[in-house]
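Student: I would like to learn how to read a structural model one feature at a time. Could you take me through this one?

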Amino acid sequence: MSSKPRFLLSFAFVTCLAAPGVASAQEPPPARPMMRVNLPIDLTVIGVGGAAWITTEVLKSKIAPATCRWCSPPGFDDSIARTLRWNNTKTAARISDVGLYGLAPLAAFGFDAAVVYANGGTLAEWGTDVIVLLQSMVVAADLTQIVKFSVARERPLLEYNSVSPEDRDNRDNNLSFFSGHTSFTFSAAVSAGTLATLKGYRAAPWIWATGLTIATATGYLRMAADKHYFSDVMVGAIVGSAVGFVVPWLHRPSANPSKDAGARLSGMMASPLPGGGPFVGFSGILD
């Protein structure tokens, strides 16, 4: 390929990437509620919190408790577990993973993107919302890990012998309290619903209903899979819901949207690097 076509292709690509940043720099911010973020603080919380959660997951086989500290369930947990558990626990576990890794984040981010677009919002506005939603999920995930590793509760699958012999010594079996799947999906559902309510979306009831349905189904499936007791799921739902409300509330729009203060994501920018190729970044405004 000659240098001229390569230059034209690179120029077109960089121009497309730069367009949102140029548009948002020229257009005034919309006169409607906008979530307020502090980019240095919020991105640090997300980055450090996310890295901490990933580290504990990667090193779980080495740093998780080798034996349970809370080994036997109370009567009500035992009774509910025997009633709700499926014969095929592995299938229930796989479906619950779909809720955690797919449906819950897709509903939270996807619904917000659709509503922002439908209301004439910008990519930057959606990016600001994503920061708030993602921070809620990261905080909930980290709180869950701290409690899991501290309490060291034995999972139901050991109590009811629904685990294969080769997996009996897996340290993850001592991380039942409280349910991470449940806390994460409820943090996603409640943060998305709270954000939609704070911004006055007419679709807020649908966002609440969809998110909470996914979260509730995920919690039930964790019990059906012998991964958690009822108390694990209930506490996970409470913690996830609390985080999902508090984080957006701390970033709530000001009473006067036209005079909204604080740092906010203003758009995307792109420029060529000295050695060639585009550099893509985000720009922010600190009032």
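Student: Where is V235 found, and does this residue count as buried or partly exposed?

Tutor: Please keep in mind throughout that this is a predicted model. V235 is found in helix α10, which covers residues 230-250, and with a relative accessibility of 26% V235 counts as partly exposed, because the partly exposed class runs between 20% and 50%.

Student: Which residues does V235 contact, once its neighbours within four places in sequence are left aside?

Tutor: With those neighbours set aside, V235 is in contact with F177 and F178. A further link can be read from the backbone, where the C-alpha atoms of V235 and S183 are separated by 8.0 Å, although these two residues are 52 residues apart along the chain. As for the contact partners, F178 is found in the loop between α7 and α8, and the peptide bond that leads from F177 to F178 is cis, with omega near -5°.

Student: What else can be read in the loop between α7 and α8, for instance about N161 and D172?

Tutor: N161 lies in that loop and has a phi near 55°, which is a positive value in a residue other than glycine. N161 counts as exposed, at 58% relative accessibility. D172 also has its place in the loop between α7 (156-159) and α8 (180-198), but D172 is buried, with a relative accessible area of 16%, because the cut-off for buried is under 20%. Leaving aside its neighbours within four places in sequence, D172 is in contact with K60 and R155.

Student: What is the phi of D226, and is D226 buried or exposed?

Tutor: D226, which is found in the loop between α9 and α10, has a positive phi of about 60° although it is not a glycine. The relative accessible area of D226 is 0%, and so D226 is buried.

Student: How should I describe two helices that pack against each other?

Tutor: Two packed helices are described by the angle between their axes and by the distance between the axes. In this model, the axes of helix α5 (residues 89-118) and helix α6 (residues 123-151) come within 10 Å and cross at roughly 160°, which makes α5 roughly antiparallel to α6, because angles over 145 degrees are placed in that class. The crossing of α5 and α6 is right-handed.

Student: Which residues make the contact of α5 with α6, and how do they divide by character?

Tutor: From α5 the contact takes in A108, F109, D112, A113 and V116, and these meet E125, W126, D129, V130, L133, L134 and M137 in α6. The residues of this contact divide into 9 nonpolar, no polar and 3 charged.

Student: How do α8 and α9 cross, and what is the character of their contact?

Tutor: The axes of α8 and helix α9 (residues 204-224) come within 8 Å and cross at roughly 175°, and α8 and α9 are therefore roughly antiparallel to each other. Among the residues that make the contact are H181, T185, F186 and A189 of α8, together with I207, W208, L212 and R222 of α9. The residues of the contact of α8 with α9 divide into 10 nonpolar, 10 polar and 1 charged.

Student: How many disulfides are there, and where?

Tutor: A disulfide is a covalent bond between the sulfur atoms of two cysteines. Here the count comes to 1 disulfide, formed by C68 and C71, whose sulfur atoms are 1.9 Å apart. The torsion about the S-S bond of C68 and C71 is about 100°, so the disulfide is right-handed. C71 is partly exposed, with a relative accessible area of 29%.

Student: What does the chain come to in helices and strands, and how much of it counts as buried?

Tutor: The secondary structure comes to 10 helices and 2 strands, and, read along the sequence, the chain follows the pattern α-α-α-α-α-α-α-α-α-α-β-β. Of the 287 residues of the chain, 44% count as buried. Among the contacts with a separation of 6 or more, residues 24 or more positions apart account for 79%.

Key. Residues numbered from 1 in each chain as written. Predicted model: local features only at pLDDT ≥ 70, side-chain atom pairs only at ≥ 80, totals over all residues. Heavy atoms only, no water. Disulfide = S-S within 2.5 Å. Buried < 20%, exposed > 50% of the residue type's maximum accessible area, 1.4 Å probe, protein only. Helix = DSSP H or I, 4+ residues; strand = E, 2+ residues; numbered from the N terminus. Contact = heavy atoms within 4.5 Å. Axes fitted to C-alpha atoms, helices over the stretch in contact; angles between N-to-C directions. Parallel < 35°, antiparallel > 145°, perpendicular 65-115°, else oblique. Left-handed = near helix turned anticlockwise from the far one by under 90°. Nonpolar A, V, L, I, M, F, W, Y, C, P; charged D, E, K, R; others polar.
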